[in-house]
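Work through the exercises below with the structure open beside you. Try each task before reading its solution.

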Amino acid sequence: MTGHHALLVTGGCGFIGSNFVRYWLKQHPESKVVVYDKLTYAGRKENLHDVWGSPGLSLVVGDIGDRDLVRRTCQDHAIDLIVNFAAETHVDQSILGPLVFTDTNVRGTHVLLEVARELGIRLHHISTDEVYGHIRDGHQSVETDELAPRSPYAASKAAADQLVQAYAITYGLSVTITRGANNVGPYQYPEKAVPLFSTNALLGEPLPVYGDGQQMRDYAHVEDHCTGIEAVLLKGKAGEVYNVGTGHEMTNLEMVDIVLETLGQDHRLVRHVADRPGHDRRYSMNVDKLRALGWTPKYDPRQAVAEAARWYADNRWWWEPIRRGAFREYYQKQYGERLEAARP
Ligand code: NAD
Ligand code: TYD
């Protein structure tokens, strides 16, 4: 991919999408970027507060399932690349209310593929390591592994991946897919573990660790995910899938230690609560294929988690209103009984 481009960044007001938009505008100031976002609870205009007004950046509020609006937006802005971040993204929310995951992650992605096919636009799809299911010790997922998702979220993402690949095979659509590890960093909605634990620690509230806390995740800095996506957009091969992570995982209790240490908080805040149903024990990906494009991550997982925790300490303006708002209802539903039962 070379020259000037017009990108439709779906889900660009979410955590990774907003980090990507900011990064892309800085690296490619000649590009046009149209953020297309439904502004769900996780999509927040303030995630791009410092870049609205940049030349070439605009926002269309809409659902990726709205075929007419997606088509019209692509035509009006002469879009030549769709980067699809739009999704329902939290496993626990997918356990509480799974159907919207199919609506957005499966049907929404399918609509984007249809518009891309109709207008001849390249599509890059953002996927996740969760599509591989949980990974036995000693193995690292490679891109050709079979998909074995185990949560409604992961199943919806796996279905989307398969549709994207089917469109490449059947219609010859130009597509690429990246499968990201657990991302951490600025503007991550506090339902996810690292921002939840960081903001709870800053509020002096207990940290609800599911089960024994020995589950393993590769905590990758969102900036490294953005450079990985950029590498695939610029140098990736059509039809291919690329894993994006650090290639190193740690246990959740190790992650909690880093958060508490970074924020100078006490271990007495840790509560082991009732586990998440179907909780995947371990994710681990091999990222050699992306490295072969010349990409290397800047952060190791320890640095990534510590940097993220520091950001929440320095940016209370961003998360305090979220924590005071509708998030409280979700928190009560998800953690009320769990924390009650785990009282010391
Ligand atoms: P997020 O929940 O922070 O943001 C999702 C964004 O999508 C929000 O802006 C939301 O408003 C928007 N959206 C949701 N439904 C929509 C719809 N129907 N139409 C238009 N916009 C809609 O999510 P995130 O963590 O930034 O994740 C972005 C992508 O990366 C997702 O596809 C996710 O599956 C994938 N991913 C996330 C992680 C992670 O650790 N967070 C890891 C790997 C992959
Ligand atoms: P999460 O950020 O939800 O990402 P995912 O489940 O998609 O990997 O959770 C990361 C890990 O932290 C995962 O093993 C679940 C665990 N976790 C807790 O122990 N307590 C919590 O309150 C949350 C949200 C997650």
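The exercises cover a recorded domain, a ligand site and two helices in a predicted model.

**Exercise 1. The recorded domain**

Find which residues UniProt lists for "domain: NAD(P)-binding", and give the helix and strand content of that span.

Solution.
- Start with the record. The unreviewed UniProt entry assigns this domain to residues 8–307.
- Next, take the secondary structure. Helix makes up 39% of residues 8–307, and strand 18%.
- Finally, check the ends. Their C-alpha atoms are 29 Å apart.

**Exercise 2. The shell around ligand 1**

Describe the surroundings of ligand 1: how many residues surround it, and which are the closest?

Solution.
- Count the shell. Ligand 1 is surrounded by 29 residues.
- Pick out the closest. These are Ile16, Asp37, Thr89, Tyr153 and Lys157.
- Sort the shell by character. It holds 12 nonpolar, 13 polar and four charged residues.

**Exercise 3. Backbone contacts and burial of ligand 1**

Which residues place a polar backbone atom 2.8 Å, 3.0 Å or 3.2 Å from an oxygen atom of ligand 1? How much of the ligand does the protein bury?

Solution.
- At 3.0 Å, the backbone partner belongs to Thr40.
- At 3.2 Å, the polar backbone atom is from Phe85.
- At 2.8 Å, the residue is Asn183.
- Now turn to area. Ligand 1 on its own exposes 840 Å², and the protein buries 97% of that.
- Then assign the shell to elements. Those giving two or more residues are α1 (15–27), β5 (122–128), α5 (152–171) and β7 (182–184).
- Rank them. β5 contributes the most, with three residues.

**Exercise 4. Helix α6**

Is helix α6 (residues 193–203) largely enclosed or largely open?

Solution.
- Apply the cut-off: a buried residue has under 20% relative accessible area.
- List the residues that pass. They are Val194, Pro195, Leu196, Phe197, Ser198, Thr199, Asn200, Ala201 and Leu202.
- Draw the conclusion. Nine of the 11 residues in α6 are buried, so the rest of the structure largely encloses this helix.
- Look past the end. Gly204 follows α6 and has a positive phi, near 70°.

**Exercise 5. Helix α8**

What span should helix α8 (residues 252–263) have, and what is the distance between its end C-alpha atoms?

Solution.
- Take 12 residues at 1.5 Å a residue. The expected span is 16 Å.
- Compare with the model. The end C-alpha atoms of α8 are 17 Å apart, which agrees.
- Add burial. Asn252, Met255, Val256, Ile258, Val259, Leu260 and Leu263 are the buried residues of α8.
- Step just beyond the helix. Gly264 adopts a positive phi of about 65°.

Key: Residues are numbered from 1 along each chain as its sequence is written. Chains are lettered from A and ligands numbered from 1 in the order in which they are written. This is a predicted model: local features need pLDDT of at least 70, side-chain atom pairs count only at pLDDT 80 or more; totals for chains, interfaces and linings use all residues. Side-chain values use heavy atoms; hydrogens and water are left out. Helices (H or I, at least four residues) and strands (E, at least two) are DSSP runs, numbered from the N terminus. The expected span of a helix is 1.5 Å times one less than its number of residues. Buried means under 20% relative accessible area, exposed over 50%, partly exposed in between (1.4 Å probe, protein chains only). UniProt positions are given in the numbering used here, feature names are shortened, and annotations may be inferred rather than shown by experiment. A residue is near a molecule or strand if one of its heavy atoms lies within 4 Å of it. A polar contact is a pair of N or O atoms within 3.5 Å; within protein, one must be able to donate a hydrogen and the other to accept it, and residues adjacent in sequence count only if both atoms are side-chain atoms. Accessible areas come from the Shrake-Rupley method with a 1.4 Å probe; for residues, only the protein chains shown count as cover. Ala, Val, Leu, Ile, Met, Phe, Trp, Tyr, Cys and Pro count as nonpolar, Asp, Glu, Lys and Arg as charged, and the others, Gly among them, as polar.
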